[in-house]
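Please open the model in your viewer and keep the selection tool at hand. The stops below are meant to be taken in order, each with something to select and something to look for.

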Amino acid sequence: MTISRRSFLKGAMAGSAASLIGPGLLATSAVAAEGAEVELGVWKTSGSHWGALNALVKGGKVAEIKPFGADRHPTEMLNGIKGLIYNPSRIRYPMARLEWLKHRQDADRTTRGDNRFVRLTWDAALDLFHEELERTQTDYGPWALYAGATGWRQTGQVHSCGNHMQRAVAMHGHFVKKVGDYSTGAGQVILPYVLGSTEVYSQGTSWPLILENSKTVVLWANDPYKNLQVGWNCETHESYAYLEQLKAKVADGSIRVISVDPVRTKTHNYLGCEQLYLNPMTDVAFMLAMAHTLYNEELYSQEFIDAYALGFDDFIAYVQGEGDDGEAKTPEWAAPICGVDAEQIRDFARLLAADRTQLLFGWAIQRQQHGEQPYWMGAVLATMLGQIGLPGGGISYGHHYSSIGVPSSGASAPGAFPRNVDAGKTPEHDNTDFQGAASTIPVARWIDCLLNPGEKIQYNGSEVVFPDIRMCVFSGCNPWHHHQDHNRMKQAFRKLETVVTIDYAWNATCRFSDLVLPACTQFERNDLDVYGSYSNRGVLAMHKLVDPLFHSRSDFDIFTDLCRRFGRDEEYRQELDEMGWVKKLYDECREANTSLSAAPGGDEPTSSMPDFATFWKEGYVDFGPGENWVRHADFRQAPEVNALGTPSGFIEISSRKIGRYEYDDCQAHPTWMEKAERSHGGPGSDRYPLWLQSVHPDKRLHSQMCESEALRATYAVQGREPIFIGPQDAEARGIQDGDLVRVYNDRGQLLAGAVVSDDFPSGVVRIQEGAWYGPVGPEIGALDTYGDPNTLTLDVGTSRLAQAPSANTCVVEIERFEGEAPAVTAFGGPIMVDV
Amino acid sequence: MSQQTTPAPSEQTAEPADWSAIWESESLLCGWLATLLSAELDEATLARYRRGEARPLLNLLRDEHGLVDEVARVDRALSKLVMFTTPQLELAADFAELFLADARSGAPPYASLYADEAGCFHGAPAERMEARLAQAGYVVRRDVGEPADHLAIMLDYLARRLLNLSEAKGGEGEALRLDTRAFLTEELCPWLPRFVARSAAPTTASDLYPAVLALTVAYLETLSEAL
């Protein structure tokens, strides 16, 4: 024994085996282990879509997260943040799909989504990224590169990831961009024609004025209590205080709140308000019948229409049955379509006209085929009611979003890291020849574009020729979450030569990519943000909590390094480092908020904001509350001077401009049009009788935080995404609460966990969007194991006007799943099927 | 002091055990396994393995530790590499699939993912490991970019303790031996069986890494008995 050990040591030391042993992974520590001082930790401030927070960092680790003191209504999703940072789904290293690495543009693309990856060094990964950009610009042209997609990113004005990616790629060459988004695609296109602005992202009438003046508040397909948990910037949750007051007013009867919705929503249950059920996707028919009532019972305001609107006559002729279809839009006509009694329709119209009424529309309703129509029709109803521009009257399309309705402080918010190339600079490849194809496409038609290059479509009055895209770059954007009909996407992805994704978690988009670069979370970098996207309540410091985990890097670092490959890294970052940018954006904000001092003897400009060092130490600057404000009041007060942005400057009940486009799916005034598929007696309901609504989730931000085990434990059913189903439909199918079910239609199939709930009527089921896609394999039609509703949804444009997503036009059937269920693959992978 | 439970077949006379040599050689074995599990093999290093340069290490494991089957499995896996056109890439993909990709699949080698109910990175096992390292005067090298509960880091630490043990005398050596055994039995061995079970789930192209894992776990068992 001794002899062989000694001879091993002599042999091993002398021979080459010893050098198979590396130098090790440890270094000696210059600092002796600290005692109690390190143990106490340090409290830091940061923010997120879910709100501001204080975090205790001990020993280089986030130990505890507490809601920010100023936040009176923190969301429970804050509990998911620690799990987000340390989540097993974190992307830890740059990785490349092996098949793509070997064969690049000639690789087998049918195995995307179910592939083996290898690790790369950052240098190798960025070299490849640069090479592919070069190849695409050189062998093809700007028409072949799609880098326009954006998503909800993480918060922070310096590190806004879409800006970093698009600036860097734009410095290299031109590329195909997109117009629109998945949130409000139809709404933001139609409303400028009708009310003169996109409306959906605009500040709205202040809540105090609604609470004080409205007698009736209508939540039209709107669930603010659920949706206000998250915000575009650091969410303040200020709206919740007003929802509390609204709840009290419902209780004491001073305000009637009516939720027009087939489902009893979270807001409905919170407020204890009334519900008006109607069949899914029939709101326009319902509203037309209301218009008929208002007109024929002379409950509408002709004076308001005369002073502020155009196009009423053509519209009302249609309503009266004097249009081409000869069908009067009476409540009797609407009743069988909507599933609402004719008299109930009349009563509702009378109620809204009786006193001050505030209409609050949600966004999900315009995410259906012909989604322009319910928004247009809502504006027409509001016009007929004549209360637009009055406190607590009129219509809003955003009170459920990022605390719109909380008065704005009037302060300027910090700017952001630039998205574009600096003025006077040109890209490396300054080729703007898109070869007759569009350089901008409607965002939700990108899969059509991949499948049918060269095809011509109509969009918002113009012709768009689809470019022949070969390469895509996605940064903090998860199209495999938000786009419809995943099986169709699988087909389209076979077209792509190169897909580069920058993200921090292994979501489905990463698994369908060729090159995956790990960004760090917002908690691993320094930044600043506006506190309150619309209230502009303050400016929040976002202290880095811990260093980037594993080999992840900030987007700032990643793209600086990419630009180094073509010698323009200094230009990219304008010679500033991260803290340089934080300070620059803060100082510029401070400058913008400068005013003449009211202090005695002061006519020097001063700012209420402290210097940067003080701000960074204290973590927050408060601008104080804002003043109440009424949307459209200035227009109402002086319509000529404060004209709307419509072609005429007035509200356009009928639009000549849209009429000239001659789109049969979006005509000169709101019309009722049957959908491609619809439940409750509509097309396709004989085979697929259930309407699938895919609303924004209650315990995620879209797909963000789906990876949190702690949060999923509070809602998943048998490890799958829940599907909410009413007791009648469940019983008819032998489904019990907690059962595993297969949900399917002609487009796909998925597994989900049944939650039987009284909140859901017959014919309506719900799967919340953002559920991570995890198919059993790369085949078209493969069963999704976790329950992503976009496995089943329809991929058509809302109409030729907006070409927006139609996710909520979707019918399905459900059955109890029998037998051995495949394991959930959404949170694991890439997986190897066979060698 | 305990003796090895599997005496070498070649043992002839009862010579006093040369524990210094034993611990030093164990240190090399740990260091070697740490290296194998810390990063993919590049072309040059893979070629050396295929030429048999790891033979002394494998022989020691086979003969002195009795790990005949485990070593044979590694040998077989190495010889079968001849079937691949790009063995280095395939092994890198295997390594990635097991250890580097989404940590919910494969067998990511972090104690926190197995020992902790929460199953997240940087859990209590990582904190304990950091404290251990600090007490011994080490930190994880910054460029490594891994939490301290990575198996390779734990093996590296073990290797250094064994080297210290080979040089230690008397009471100090005894304390070190006990502490090293405690480390093995409390911090490493508890999660390794689950880790190896996880590694069986993906279908790797080559059996090499699964074989190395099996070898590592079996070896550590014999080591804990020896300590």
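The tour goes through a predicted model, beginning with the contact between its chains and then turning to places within each chain.

**The interface of chain B and chain A**

Begin by colouring the two chains separately and selecting the residues where they meet: 75 residues of chain B are in contact with 55 residues of chain A. Between them the chains bury about 5,700 Å², and 57% of this area is on carbon and sulfur atoms. On the chain B side, select Asp102(B), Arg104(B) and Phe121(B), which lose the most area to chain A and together account for 13% of what that side buries.

Next, look at the polar side of this interface, where 35 residue pairs are in polar contact and where the count of salt bridges between chain B and chain A is 11. One to display is the pair of Arg142(B) and Asp547(A), whose side chains meet in a salt bridge at 3.4 Å, N to O. Which elements of chain B give two or more residues to the side that touches chain A? They are the helices α1 (19–38), α2 (43–50), α3 (55–63), α5 (87–100), α7 (124–136) and α8 (151–167), together with the strand β1 (138–140). The largest share, 11 residues, comes from α1(B).

**Two places within chain B**

Stay in chain B and select Glu174(B) and Arg177(B), whose side chains meet in a salt bridge of 2.8 Å, N to O. Both residues belong to helix α9 (residues 170–188) of chain B, and because they are 3 residues apart there, they are separated by about one helical turn. Their surroundings are worth checking with a surface display, since Arg177(B) is buried at a relative accessible area of 7%, whereas Glu174(B) is partly exposed at 30%.

Then move to Asp116(B), in the loop between α6 (111–115) and α7 of chain B, which counts as partly exposed at 24% relative accessibility. Leaving aside residues up to four places away in sequence, Asp116(B) touches Ala111(B), Gly123(B), Ala124(B) and Pro125(B). If you draw a distance from Asp116(B) to Leu81(B), it should read 36 Å from C-alpha to C-alpha, for two residues that are 35 apart in sequence.

**Aromatic rings in chain A**

Now go to chain A and show the rings of Trp480(A) and Phe493(A). How are these two rings, with centres 5.1 Å apart, set to each other? Their planes stand at 70°, and because an angle over 60 degrees counts as edge-to-face, the pair is of that kind. Trp480(A) lies in helix α19 (residues 479–482) and Phe493(A) in helix α20 (residues 486–493), so the pair ties together parts of chain A that are 13 residues apart in sequence. Both rings sit on buried residues, with a relative accessible area of 0% for Trp480(A) and of 2% for Phe493(A).

Widen the selection to Tyr146(A), Trp446(A), Phe474(A), Phe512(A) and Tyr773(A), which ring pairs link with Trp480(A) and Phe493(A) into a cluster. Over all chains, the count of aromatic pairs is 61. Two further rings have a charged partner: Arg92(A) lies over the face of Phe550(A), 5.4 Å from the ring centre, and the charged end of Lys177(A) sits over the ring of Phe175(A), at 5.2 Å from its centre.

**Salt bridges in chain A**

Select Arg525(A) and Asp555(A), whose side chains meet in a salt bridge at 3.1 Å, N to O. Arg525(A) is in the loop between β20 (515–518) and β21 (527–531), while Asp555(A) is in helix α22 (residues 555–564), so this pair ties together parts of chain A that are 30 residues apart in sequence. Are these two residues buried or exposed? Both Arg525(A) and Asp555(A) are buried. Another salt bridge to show joins Arg553(A) and Asp561(A) at 3.0 Å, N to O, and Asp561(A) counts as buried at 7% relative accessibility.

**Helix α14 of chain A**

For the last stop, select helix α14 (residues 312–319) of chain A, which is mostly covered, with 6 of its 8 residues buried. These are Phe312(A), Phe315(A), Ile316(A), Ala317(A), Tyr318(A) and Val319(A), and the buried residues of α14(A) pack against α12 (283–296), α13 (302–308), β12 (309–310) and α17 (372–385) of chain A. After α14(A) comes Gly321(A), whose phi is positive, near 90°.

Terms used
Residues numbered from 1 in each chain as written. Chains lettered and ligands numbered in written order. Predicted model: local features only at pLDDT ≥ 70, side-chain atom pairs only at ≥ 80, totals over all residues. Heavy atoms only, no water. Phe/Tyr/Trp six-rings, centres within 6.5 Å; stacked < 30°, edge-to-face > 60°. Helix = DSSP H or I, 4+ residues; strand = E, 2+ residues; numbered from the N terminus. Buried < 20%, exposed > 50% of the residue type's maximum accessible area, 1.4 Å probe, protein only. Lys NZ or Arg CZ within 6 Å of the ring centre and 35° of its normal. Salt bridge = Lys/Arg side-chain N within 4 Å of Asp/Glu carboxyl O. Contact = heavy atoms within 4.5 Å. Buried area = accessible area lost by both parts, 1.4 Å probe. Polar contact = N/O pair within 3.5 Å; in protein donor to acceptor, adjacent residues only side chain to side chain.
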